[in-house]
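Okay, thanks everyone for squeezing in. I'd like to walk you through one model today, so have the sequence and the structure open as I talk.

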Amino acid sequence: FVVAAAERGERTLYISYEESAEALESAVRGAGVELKPGLETGNVMLFCRMPEAMGSDEHLFTNLATIKSFQPHHVVVDAMSACHRMGSGKAAFDYCMRLVNACKEVGITCLLTNQTRVSLLGEDLSGMGFSSLVDTVLQLQFEPDPDELKRSLVILKARGSNHSPRYHDLHITDHG
């Protein structure tokens, strides 16, 4: 997503609450994704900070200031589930709601990752309590198989589109 946007000349702010910039670049490079060209052109900005570094209000203020100055077309937040470490569950919810709403108000596309332990079927589709604000929800999951690890992708929600209800095989290769 980030590399394709950079290749189109679109700016993406990647907010990582899980890894340092160096670790993130190395991890995606291992899956065949190269962030360096986008970083060099200035179309990609990595903003990496541990959730515990400050409270949710300070994270929000800092991120909104970065969005205002960088003026991205897209914002990636990896992972929303880490926001619970900023404070209370309500603080995490408020942070996520305000950040996504601020982006939507100015037409910025948000891609949010969220690590969950169980299927979101029958649960709040965002995993954070703000499904009404989220337009599309994709679930990646592991399928039991005695011989190999199988991954699948299912579209749980795609507002305004007739989408596939099927589970799709997901393969991670040396090319992405």
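Let me start on the outside of one helix, α5. The face of α5 turned away from its buried side carries K90 and E105, both of them exposed. And before I go on, keep in mind that what you are looking at is a predicted model.

So, which residues of α5 are buried? They are A91, A92, Y95, C96, L99, V100 and C103. Those residues cover an arc of only 150 degrees around the axis, which puts them on the same side of α5. The background here is that an α-helix has 3.6 residues a turn, so residues three or four places apart point the same way. As for what sits over that buried side, the cover includes α4, β3 and β4, the last of these being residues 109–112.

In terms of dimensions, α5 has 17 residues and spans 24 Å from its first C-alpha to its last, close to the 24 Å expected at 1.5 Å a residue. Just after α5 comes G107, and G107 has a positive phi of about 80 degrees.

Now over to α4. This one has 15 residues, and from first C-alpha to last it reaches 21 Å, close to the 21 Å expected at 1.5 Å a residue. The buried residues of α4 are S56, H59, L60, N63, T66, I67 and F70. Looking down the axis of α4, you find them within an arc of 135 degrees, so they line one face of the helix. The face turned away from that buried side has the exposed residues D57, F61, K68 and S69. Yes, there is a phenylalanine in that exposed set, F61. Covering the buried residues of α4 are, among others, β1, β2 at 44–48, β3 and α5. After α4 you come to Q71, and its phi is positive too, near 50 degrees.

That brings us to the core. Which members of the largest nonpolar core touch the most other members? Out of its 19 residues, the answer is Y17, V75 and Y95. The elements that give two or more residues to this core are β1 (12–16), α4 (56–70), β3 (74–78) and α5 (89–105). α5 gives the largest share, five residues. There is also another core lying apart from it, with eight residues, including Y14, L24, L46 and V76. As a general remark, in soluble globular proteins nonpolar side chains tend to be buried together.

Y95 is a good one to click on. If you leave aside its neighbours within four places in sequence, Y95 is in contact with Y17, S56, H59, L60, N63, C83 and M86. Several names there will sound familiar: S56, H59, L60 and N63 were in the buried list for α4.

Next one to click on is I15, which is in strand β1. Is I15 buried or exposed? It is buried, with a relative accessible area of 0%. Beyond its neighbours within four places in sequence, I15 is in contact with F47, N63, V75, V76, V77 and D78. I15 and R49 are 34 residues apart along the chain, and their C-alpha atoms are separated by 7.8 Å.

For contrast, take E7, found in helix α1, residues 2–7. E7 counts as exposed, at 67% relative accessibility, with the cut-off for exposed being over 50%. Between the C-alpha atoms of E7 and T116 there are 31 Å, and along the chain those two are 109 residues apart.

Last stop is the sheet further along the chain. Three strands form an open sheet in the order β5-β6-β7, with antiparallel pairing. The edge strands are β5 and β7, where β7 is 168–170, and each pairs on one side only. On average, neighbouring strands in this sheet are turned by 35 degrees against each other, direction ignored.

Going pair by pair: how many bridges join β5, residues 136–143, to β6, residues 150–158? Eight, in the antiparallel sense. A hairpin of six residues connects the two strands, and E143 has K150 in β6 as its bridge partner. On the other side, β6 and β7 pair over three bridges, also antiparallel, and there S152 has D169 in β7 as its bridge partner.

That's the tour; happy to go back to any part of it.

Terms used
Residues numbered from 1 in each chain as written. Predicted model: local features only at pLDDT ≥ 70, side-chain atom pairs only at ≥ 80, totals over all residues. Heavy atoms only, no water. Core = buried A, V, L, I, M, F, W, Y, C linked by side-chain atoms within 4.5 Å. Buried < 20%, exposed > 50% of the residue type's maximum accessible area, 1.4 Å probe, protein only. Helix = DSSP H or I, 4+ residues; strand = E, 2+ residues; numbered from the N terminus. Contact = heavy atoms within 4.5 Å. Expected span 1.5 Å × (residues − 1). Arc of directions from axis to C-beta. Pairing = 2+ DSSP bridges. Axes fitted to C-alpha atoms, helices over the stretch in contact; angles between N-to-C directions.
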